[in-house]
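Hi everyone, thanks for coming. Let me put the structure up on the screen, and then I'll walk you through a few places in it.

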Amino acid sequence: MSSTVITNIASLVTNDPSLGWGSPRSSKFESGGGSPLGLIRDAALVIDGDRVSWIGESSKAPATDNRVDAGGRAVIPGFVDSHSHLVFAGDRTEEFNARMSGRGYTAGGIRTTVAATRAATDAELETNLVRHLTEALRQGTTTLETKSGYGLTVHDEERALRIASAHTDEVTYLGAHIVSPDYADDPAAYVALVTGEMLDACAPHARWIDVFCEKGAFDGDQARAILTAGLEKGLHPRVHANQLSYGPGVQLAVELGAASADHCTHLTDADVDALANSDTVATLLPGAEFSTRAEWPDARRLLDAGVTVALSTDCNPGSSYTSSVPFCIALAVRDMRMTPDEALWSATAGGARALRRTDVGRLSPGAYADLAFLDAPSHVHLAYRPGVPLVDEVWRRGRRVA
């Protein structure tokens with residue numbers, strides 16, 4: 001293994017408050033000290049193999065085998081996108097066009113993608129998955145979770161997870177996306193399938209189990225049965241919760257110790273309190289609200305209550321067809337009342353929390369050397385210059401990959 005030092009970093013986001021301004025290890029005390037971003041100006045970073053081994057001020061950087069000049073750019077941790085749906089086929093352009101012309105969004109559009117996905121070959125599904133993963137990587141995403149949920153048969157859910165697991169470690173079984181059209185008249189039989197034969201086939205390929213707990217999908221009792229069955233198979237729960245209406249999803253997520261409750265648009269005070277007093281992360285997905293003209297989640301309310309918040313794309317062909325975390329950061333700052341610091345933390349360290357990872361989402365000794373260079377002197381430009389492709393270099397596991 002060789003070592004590399006990256007110097008002349010205008011602004012380095014470590015996500016380790018002990019390393020930034022105002023910390024005992026820093027000679028600089030400026031306003032904003034103690035920020036969770038652990039920001040270091042005029043910084044350097046040393047990579048040994050695939051891990052970060054040292055960070056600090058550029059003037060104190062140790063000697064290494066290789067040297068890279070950041071040229072006064074900002075460096076941030078690679079984005080951790082903890083919620084996506086990328087194993088699919090087909091296109092829902094017509095649905096989007098109709099919705100933008102005044103039709104409201106419901107979960108029913110998923111059935112269109114189910115039909116196209118079932119008809120696709122394994123090679124077609126894999127090609128589409130890799131295309132979207134590459135697209136996300138170019139925009140700074142170095143860790144990405146993705147789900148099944150567009151097959152809804154034992155065969156199609158198993159192959160979706162098998163294909164996904166060949167390309168990412170963070171794979172989620174979502175047989176409970178909606179009730180399969182094949183079981184429209186017998187939802188109980190479909191729940192039995194999801195918790196039985198389908199789960200048996202899918203569990204070897206997944207780390208997580210998810211359920212869409214929502215009117216038109218699965219109610220609280222059905223969702224509890226599905227998640228409990230997954231837990232018994234060694235899969236960790238996460239929940240599509242409270243997206244379209246008030247419901248039991250958040251409370252169920254907290255009750256079962258889910259890593260995340262995702263969407264969290266319609267919350268009671270009890271829901272917020274439950275999240276604040278748990279280890280369950282509230283994952284917000286502003287791309288979905290943007291693409292459906294729905295009510296924005298109130299990130300400010302969650303943050304002020306002490307809830308851990310993650311920010312993700314929800315990239316899927318129906319309700320949020322974006323793989324751009326920078327776009328979601330800009331939306332969160334503009335429309336969800338997050339500060340630029342909070343939005344970036346939520347899209348990196350927050351996403352890592354939602355995946356219960358400590359080796360990604362930060363740039364401090366021991367973490368994977370997953371990072372992005374911005375064509376800007378500060379991370380604030382991600383929200384300040386929306387729509388501009390500021391990520392101009394991406395490193396993953398210590399190697400430049402984009």
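Let's begin at Cys 213, which counts as buried because its relative accessibility is 4%. By buried I mean under 20% relative accessible area, with exposed being over 50% and partly exposed in between, using a 1.4 Å probe and protein chains only. Before I go on, a word on what you're looking at: this is a predicted model, where local features need pLDDT of at least 70, side-chain atom pairs count only at pLDDT 80 or more, and totals for chains, interfaces and linings use all residues. Residues are numbered from 1 along each chain as its sequence is written, and side-chain values use heavy atoms, with hydrogens and water left out.

So, what about disulfides? A search of the whole structure turns up zero of them, a disulfide being a pair of cysteine sulfur atoms within 2.5 Å. Cys 213 is in no disulfide, and the nearest cysteine sulfur belongs to Cys 264, 12 Å away. Looking from the other end, Cys 264 has no disulfide either, and the nearest cysteine sulfur to it is that of Cys 213. Cys 264 is buried too, at a relative accessible area of 1%.

Now for the strand that holds Cys 213. Is β9 mostly covered or mostly open? Covered: six of the six residues in β9, which spans 208-213, are buried. Strands here are DSSP runs of E with at least two residues, helices are runs of H or I with at least four, and both are numbered from the N terminus. On one side of β9 you find Trp 208, Asp 210 and Phe 212, on the other Ile 209, Val 211 and Cys 213, and all are buried.

And the neighbours of β9? Strand β8, residues 170-176, pairs with β9 in the parallel sense over three bridges; to call two strands paired, DSSP has to find at least two bridges between them. In that pairing, Thr 172 stands opposite Trp 208. Strand β10, residues 236-241, also runs parallel to β9, and six bridges join the two. There, Ile 209 of β9 stands opposite Pro 237. To get from β9 to β10 the chain goes through helix α7, residues 220-232, and this β-α-β crossover is right-handed. That is, with the strands pointing away from the viewer, the path from the first strand over the helix to the second runs clockwise.

Let's stay on α7 for a moment and turn to charges. Side chains of opposite charge can pair when their charged atoms come close. I count a salt bridge when a side-chain nitrogen of Lys or Arg is within 4 Å of a carboxyl oxygen of Asp or Glu, and by this rule the count comes to 25. One of these links Asp 221 and Arg 224, with the closest N and O atoms 3.6 Å apart. The two are three residues apart in α7, so about one helical turn separates them. Asp 221 is exposed at 60%, whereas Arg 224 is partly exposed at 31%.

Which residue does Arg 337 meet in a salt bridge? Asp 298, at 2.9 Å from N to O. Arg 337 sits in the loop between α12 and α13 (340-347), and Asp 298 in the loop between α10 (286-292) and α11 (299-304), so the pair ties together parts that are 39 residues apart in sequence. Asp 298 is partly exposed, at 29%. Arg 337 also has a positive phi of about 65 degrees, just after α12.

Another pair is Glu 342 and Arg 300, whose closest N and O atoms are 2.8 Å apart. Glu 342 is in helix α13 and Arg 300 in helix α11, so this salt bridge ties together parts 42 residues apart in sequence. Glu 342 is partly exposed at 22%, while Arg 300 is buried at 17%. Elsewhere, Asp 122, Asp 156, Glu 158, Arg 159 and Arg 162 are joined into one network by salt bridges that share partners.

My last stop is helix α12, residues 325-335, where the buried residues include Val 325, Cys 328 and Leu 331. At the start of α12, a side-chain oxygen of Ser 324 reaches to within 3.1 Å of the backbone nitrogen of Phe 327. That's my tour, and I'm happy to go back to any of these places.

Methods: Polar contact = N/O pair within 3.5 Å; in protein donor to acceptor, adjacent residues only side chain to side chain.
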